[in-house]
Amino acid sequence: MLARVRIWVLAAAVVVGMSACSSSSSPGSSTCTLAAPTQTDWRLTTSGTTLRDSLGRVVLLRGVDAGGRSKFAPYMPFEYASDSAFTAALNSYMDRAATWGIDSMRVPWTWAALEPTKGTYDMGWLAKYKELLAAAWARGIYTVVDFHQDIYSECLCGDGFPCWTLPSPGPPHHDCPLWSADYSTGPVEAAFDAFWAVGGPVQTEYLAAWDTMIAAVAEVPGVIGLEPINEPSTGAQNAQTFEATTLTDFFSRMIAHFTGKAPKTLVFVDDTGVAGTLVLTTMNRPTGNFVFAPHFYPVINPRPENVQPKMQYWADFATKWNVPVWIGEFGMSDTKPNAPSYMTAHYDAFDALGLGAAEWEYSVETTTWNGETDSIVAADGTEYPVAKAVIRPYARAVAGSGVTQKYAADTGAFTLTWTAAPGITEVSVPARAYPDGTTVSVSAGCYDATSVPGKVLVDASKASGTVTLSITSPVALSDGG
């Protein structure tokens with residue numbers, strides 16, 4: 001995320017506790033006992049503009065980025081005192097995320113962590129990274145493996161590429177609060193120009209590093225995607241020309257390369273950081289099968305009522321390119337009081353537009369990267385108010401088509417409609433979203449709101465036409481705005 005656009009926030013307050021969620025039925029609605037079906041493979045596939053699981057169900061990804069603290073040593077989204085303390089810190093990190101009801105996590109990794117010295121891989125760090133991925137899936141959270149960079153390298157006050165890829169690197173540091181302005185400096189432009197040179201040494205070594213990562217993580221259960229590079233920068237090239245030519249060609253080659261190495265794993269294609277702030281791109285459709293994963297940090301009139309109209313631009317790429325669209329980053333700093341309502345507007349837009357997304361970001365940190373305050377939790381794990389926007393019901397996997405959903409954060413009313421097909425539909429219903437319990441009804445088939453904690457299961461296999469699931473709270477809820 002570009003520092004210059006971080007003009008919103010996650011204000012400070014505490015969201016604590018997790019209440020057991022009781023459920024009752026509306027008159028005439030049928031309850032039954034169901035089990036969440038076992039998938040034959042955790043991987044997802046694309047079907048036009050939708051993602052589907054191995055059971056053929058439509059999957060709507062809602063998650064967070066394991067973010068900013070991953071950009072510098074020890075290159076994890078949380079801190080830990082020693083190797084022996086790592087697993088406990090990881091479990092605490094993932095357990096907290098699981099209470100939010102998310103089903104996905106974009107997990108950054110930096111080349112500097114993997115290969116701090118040219119030709120020498122840090123297998124200890126890689127083992128911890130794989131443990132992180134496995135811990136996510138143990139809680140039902142899919143992962144996307146994201147090669148993350150900002151202004152190229154720690155030796156340029158950024159993150160990502162190892163310092164040894166630079167001709168004359170200075171010392172690593174992360175004390176530049178206006179870091180995004182450095183994209184236009186000579187050293188950063190020169191570094192990216194060298195990277196974009198097809199067949200050049202940096203891109204060749206980059207691919208070798210990625211091949212090592214792919215071999216290590218592609219078969220880790222829960223890993224559904226590989227993202228070649230975060231917010232690629234233009235170097236000294238004209239931005240529009242770069243997106244239309246260099247970047248389009250690069251992603252086409254990366255899709256082919258990654259698919260050749262891991263044919264069952266999806267490739268997630270980002271755009272430039274500037275494209276994410278302007279919500280505008282000249283990139284052409286790369287060739288191959290992929291998920292389009294642009295970022296969304298609009299700088300003009302960042303008000304709740306403007307979110308959905310602006311996001312429509314990215315949503316239109318689903319039909320334009322016939323690919324699923326997943327907003328890989330959106331968010332705001334934890335210093336603005338309007339953050340909860342602004343963030344809630346994002347989730348309302350995802351529901352209305354049928355988009356997946358990952359919120360930036362979730363770190364448990366006492367030391368920040370370039371002074372950024374974007375995590376949705378404080379250093380002790382206490383949640384900022386924006387976390388409440390994340391904790392909401394959504395359709396996780398739908399057996400059918402024509403999915404629409406809507407949630408009212410102030411009342412807790414959730415409605416899901418779809419044309420049913422054989423199978424079990426799973427709706428994520430975090431207990432923390434309904435501290436006073438729920439009332440559930442379904443227009444056809446039957447539902448089970450108790451067998452799987454945090455989920456409502458629906459079997460509408462024999463239904464004809466549209467099915468409607470309704471979930472309400474017995475008391476009005478505050479949207480935190």
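A disulfide (a pair of cysteine sulfur atoms within 2.5 Å) joins C155 to C163 in this predicted model, with an S to S distance of 1.9 Å. The link of C155 and C163 is right-handed, with 95 degrees about the S-S bond. C155 counts as buried, at 8% relative accessibility; buried denotes under 20% relative accessible area, exposed over 50%, and partly exposed the range in between (1.4 Å probe, protein chains only). The model is predicted, so that local features need pLDDT of at least 70 and side-chain atom pairs count only at pLDDT 80 or more, while totals for chains, interfaces and linings use all residues. Residues are numbered from 1 along each chain as its sequence is written, and side-chain values use heavy atoms, with hydrogens and water left out.

A search of the whole structure finds three disulfides. Another of these joins C157 to C176, with an S to S distance of 2.0 Å. This link of C157 and C176 is also right-handed, and the angle about its S-S bond is 110 degrees. Both C157 and C176 lie in the loop between β7 and α4 (186–196), so the pair ties together parts that are 19 residues apart in sequence. Helices (H or I, at least four residues) and strands (E, at least two) are DSSP runs, numbered from the N terminus. C157 is buried, and C176 is buried as well.

A disulfide also connects C32 with C446 (S to S 2.1 Å). The bond between C32 and C446 is right-handed, at 85 degrees about the S-S bond. C32 is placed in the loop between β1 (23–25) and β2 (45–47), and C446 in strand β20 (residues 446–448), so the pair ties together parts that are 414 residues apart in sequence. C32 is partly exposed, with a relative accessible area of 22%, whereas C446 is buried, with a relative accessible area of 13%. With bonded cysteines counted along the chain, the disulfides of the protein follow the pattern 1-6, 2-4, 3-5.

Salt bridges were examined next. A salt bridge is defined as a side-chain nitrogen of Lys or Arg within 4 Å of a carboxyl oxygen of Asp or Glu. A search of the whole structure finds 21 salt bridges. One of them is formed by the side chains of D95 and R139, at 2.8 Å from N to O. This pair links distant parts of the chain, 44 residues apart: D95 belongs to helix α1 (residues 86–99), and R139 to the loop between α3 (123–138) and β7 (142–147). D95 is partly exposed, with 40% relative accessibility, and R139 is partly exposed, with a relative accessible area of 25%.

The side chains of E383 and R432 meet in a salt bridge with an N to O distance of 2.6 Å. E383 lies in the loop between β14 (356–359) and α10 (387–390), and R432 in the loop between β18 (424–428) and β19 (438–442), so the pair ties together parts that are 49 residues apart in sequence. E383 and R432 are both buried. A further salt bridge is made by the side chains of E305 and R303 (2.8 Å, N to O). R303 is partly exposed, with a relative accessible area of 40%. In addition, D65, R106, D146, E227 and E329 are linked in a network of salt bridges.

Strand β8 (residues 223–227) is mostly covered, as five of its five residues are buried. Two strands are taken to pair if DSSP finds at least two bridges between them. β7 and β8 run parallel and are joined by four bridges; among the partners, T143 is matched with V223 in β8. β8 is also joined to strand β9 (residues 266–269) by two bridges, and β8 and β9 run parallel. Here G225 stands opposite L266 in β9.

On the surface, V274, L278 and L280 make a nonpolar patch of about 270 Å². Patches are made of residues with over 30% relative accessible area and no salt bridge, with like charges joined within 9 Å and nonpolar side chains (Val, Leu, Ile, Met, Phe, Trp, Tyr) within 5 Å. Accessible areas come from the Shrake-Rupley method with a 1.4 Å probe, and for residues only the protein chains shown count as cover. L280 is found in the loop between α7 (273–278) and β10 (291–292). L280 is partly exposed, with a relative accessible area of 48%.
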